[in-house]
Amino acid sequence: MKKLLFIVILSLAGWTSTQAQVFKLGGNIGLPMGDASDISDLTAGADLYVYFFDVDSFFNLGVNVGYRNFFGKDIDILGASYTVDNVQYLPVTAAGRVTLFSTFYAGADLGYAFGLSDNTDGGFFAKPVVGIDIANAIEIFLAYDLYTGKYKLSDIEGFDDYKFGSLNAGILFEF
């Protein structure tokens, strides 16, 4: 799976050398949902997008590389307080957007998230998103990140299936 994703990304990167490109860089902050809310109260991230079509077109296709951090919180286990380590991962995705009325858009990022912290492994990543494009220079968006992978709470336990979700608000700058 990792090799296939890497080949697809390299192929798309080569193809983009003959296409118009739009770069967007930004950040987001969010509230953990589902399983992630058990170990975290806050998440933050950053994204770099490269789109291959004109930003004013109806449909935009591109790639994204990002960074996500779920800040660990203190939890009680059998009467003892335990500080959960931060969970970090790097999503690498294909990104698609449909633009309506040259301002509003909706779309999704789909791909693989590489686990960066010792307590998480890689897994599937999806990010449905809606937003507003302001003068083709700034985007304000709402998104839901879903990362399905392996996670271990402590060194004593092994890796278990886990779904990290977060509801995010963010901003992107075009350059």
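# From a strand end to an enclosed space

Thr-83 is found in strand S5, which covers residues 80-83, and this residue of the predicted model offers a convenient place to begin reading the fold. Once its neighbours within four places in sequence are left aside, Thr-83 is in contact with Lys-73 and Asp-74. With Asp-74 there is a polar contact of 2.6 Å that joins the two side chains, while the C-alpha atoms of Thr-83 and Lys-73, which stand 10 residues apart along the chain, are separated by 5.8 Å.

From this local pairing one may step back to the whole chain. The protein chain has one helix and 10 strands, and their order from the N terminus on is α-β-β-β-β-β-β-β-β-β-β, so that the helix precedes the strands, as this way of numbering elements from the N terminus makes plain. Among the contacts of the protein chain with a separation of 6 or more, 56% are between residues 24 or more positions apart. Of the 175 residues, 40% count as buried, and the surface that the chain exposes comes to about 9200 Å², of which carbon and sulfur atoms supply 68%.

Strand S2, made up of residues 40-51, can be followed through two of its residues. Leu-42 lies in this strand, and its relative accessible area of 34% is why it counts as partly exposed. Pro-32 is 10 residues from Leu-42 in sequence, and the two are 6.1 Å apart in space, C-alpha to C-alpha. Leaving aside sequence neighbours within four places, Leu-42 is in contact with Ile-29, Gly-30 and Pro-32, and also with Asn-69, Phe-70 and Phe-71.

Ala-46 lies in strand S2 as well, and it too is partly exposed, because its relative accessibility is 34%, a value that falls between the limits of 20% and 50%. Beyond its neighbours within four places, the contacts of Ala-46 are with Gly-26, Gly-27 and Asn-28, together with Val-65, Gly-66, Tyr-67 and Arg-68. Leu-90 is 44 residues away from Ala-46 along the chain, and the C-alpha atoms of these two residues are separated by 9.7 Å.

Arg-97 presents another setting. This residue is found in strand S6, residues 87-100, and it counts as buried because its relative accessibility is 4%, where the limit for a buried residue is under 20%. Which side chains make polar contacts with that of Arg-97? One is the side chain of Tyr-49, at 3.4 Å, and another is the side chain of Asp-109, joined to Arg-97 by a polar contact of 2.9 Å. Outside the four places on either side in sequence, Arg-97 is in contact with Tyr-49 and Tyr-51, with Phe-58, Phe-59 and Asn-60, with the run of Tyr-105, Ala-106, Gly-107, Ala-108 and Asp-109, and with Val-129.

Several of these residues return when the enclosed spaces are considered. The count comes to two cavities of 30 Å³ or more, and about 30 Å³ of space lies in the second largest cavity. Its lining consists of Tyr-49, Tyr-51, Arg-97, Tyr-105, Lys-127, Val-129, Glu-139, Phe-141 and Leu-172, and among these Tyr-49, Tyr-51, Tyr-105 and Val-129 are also contacts of Arg-97. Which strands each supply at least two residues of this lining? They are strand S2, strand S8 (123-134) and strand S9 (138-151). By residue class, the lining divides into six nonpolar, no polar and three charged residues; the absence of polar members depends on the classification used, because Tyr counts as nonpolar and Arg, Lys and Glu count as charged.

Strands S8 and S9 also lead to the final stop, the loop between them, where Ala-135 is found and where Asn-136 has its place. Ala-135 has a positive phi of about 55° although it is not a glycine, and phi of Asn-136 is near 50°, again a positive value in a residue other than glycine. Are these two loop residues exposed or partly exposed? Ala-135 is exposed, because its relative accessible area is 70%, whereas Asn-136, with a relative accessible area of 27%, is therefore partly exposed.

Terms used. Residues are numbered from 1 along each chain as its sequence is written. This is a predicted model: local features need pLDDT of at least 70, side-chain atom pairs count only at pLDDT 80 or more; totals for chains, interfaces and linings use all residues. Side-chain values use heavy atoms; hydrogens and water are left out. On a 1 Å grid over the protein atoms alone, a cavity is a set of points where a 1.4 Å probe fits but cannot get out, and a pocket is an open set with protein on both sides within 12 Å along at least five of seven lines; lining residues have an atom within 4 Å of a point. Grid points are joined across faces, edges and corners, and a volume is the space filled by probe spheres set on the points. Buried means under 20% relative accessible area, exposed over 50%, partly exposed in between (1.4 Å probe, protein chains only). Contact means heavy atoms within 4.5 Å. Accessible areas come from the Shrake-Rupley method with a 1.4 Å probe; for residues, only the protein chains shown count as cover. A polar contact is a pair of N or O atoms within 3.5 Å; within protein, one must be able to donate a hydrogen and the other to accept it, and residues adjacent in sequence count only if both atoms are side-chain atoms.
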